[in-house]
Amino acid sequence: MTTTTKRLLGSVGVALSLALVVSGCSNNADDGADTPAASDQATESLLPAAEGNTEYPLTLETPYGETVLEERPERVAAIVPNAIDTELLLSLGVTPVLSSNFVSEGGYLAEHGAEELTTYEYMMGEDIPIEAIAASEPDVIIAVGWVPGFGDLGDYYDQLTSIAPVAASPASDQRMIRWQDSIEIIGEALDLSDTANSVIEQHDERFAEIREEHPEFAGKTATWAIYYGPANGLQYFSQEGSAPEGFLTDLGLEKNPEAASFTGDTTVSDELVGKIDADVLLLGQSAAASDAELEALTGRDLFQNLGAVTSGRFIQLPPKTDDGGDLLWAITSGGPIGNAWAADHLVPLLADTL
């Protein structure tokens, strides 16, 4: 991980469902949770000192109901399978007592304690493990990063609130809420609002530097898509208002004016291929797509005739970087750590292309 990323920390549901389906599982979790046992973790080291900004009791309002935090929590469970909430907690200096095994998926959280966390193993289509969540003995359950691909959070809400108060997003789909909004929700619940604001400010400062260093990005429209092979096809991920779109605009790029075409359905049919065109076309290759399948897609006249391709502004990204990281994951579902790491890898490619 680069110095830039460390400084920043000094401190999608079909689309994302597909990402989880094709990436497989990491870590081990016999009977729902990996070691070390949650009950053995020292609570005094799990959270930074309270800032004194949040007043308890605190009502946690969600689309499914509300619960009350009577006092500042010490044990925090991050239960969403994509582990975005775990990344946000780590960026705040919080060690969750439970996380999904997908916390290791992007590869960029290893230096922030991800490999030492207690995790549960998740497979797409399964229910989240209520028993493992209860066994972690949380004081609060964080479910801000939920996406519809994991089912309906409302179906679990009563079970979860019987274990501990639940913090969730006012939006039902994490793809359509930026991590900056999510970290503010978590920061308030944990009395770490100042720290949350600091993480956001450091992100903003670094990305402002990128925009200043690369004025050639300004005014260029961009599209972010991933190809999953013939079974699941080409998916448009920088839909209007999405977190990936926010990442691209933070770099100084402009929104694709056709992005609204994919708000309800991210699948790029043959009829919609022209709408992915932009000044810069970023195409990720999922591990589920072979090189031959990708070449078949990009070699078609429909694709070759796109303006981004004919102008030489088409960037193809592999499933993994040379250091084993996952740019697809970091751009599509990353938080402050993933976005910083992705920028370090992507900015040089954009600069060369533009």
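Where is the place of A83? A83 sits in the loop between strand 3 and helix 3 (84-91), and the close-ups below start there. The model is predicted, so to speak for local features a pLDDT of at least 70 is needed, side-chain atom pairs count only at pLDDT 80 or more, and totals for chains, interfaces and linings use all residues. Residues are numbered from 1 along each chain as its sequence is written, and side-chain values use heavy atoms, with hydrogens and water left out.

**View 1. A83 in its loop.** Although not a glycine, A83 has a positive phi of about 65 degrees. A83 is buried at 5% relative accessibility (buried is under 20% relative accessible area, exposed over 50%, partly exposed in between; 1.4 Å probe, protein chains only). Helices (H or I, at least four residues) and strands (E, at least two) are DSSP runs, numbered from the N terminus.

**View 2. R75 and E137.** R75, in the loop between strand 2 and strand 3 (76-78), is buried with a relative accessible area of 7%. A polar atom of the R75 side chain lies 3.0 Å from the backbone oxygen of E137. E137 belongs to the loop between helix 4 (130-135) and strand 6 (140-143), has a positive phi of about 55 degrees without being a glycine, and is partly exposed at 47%.

**View 3. The hairpin of strands 1 and 2.** Strand 1 (residues 58-62) and strand 2 (residues 65-69) pair in the antiparallel sense over 5 bridges (pairing requires at least two bridges found by DSSP). Here 2 residues form the hairpin connection, and L60 has T67 as its bridge partner in strand 2.

Methods. A polar contact is a pair of N or O atoms within 3.5 Å; within protein, one must be able to donate a hydrogen and the other to accept it, and residues adjacent in sequence count only if both atoms are side-chain atoms.
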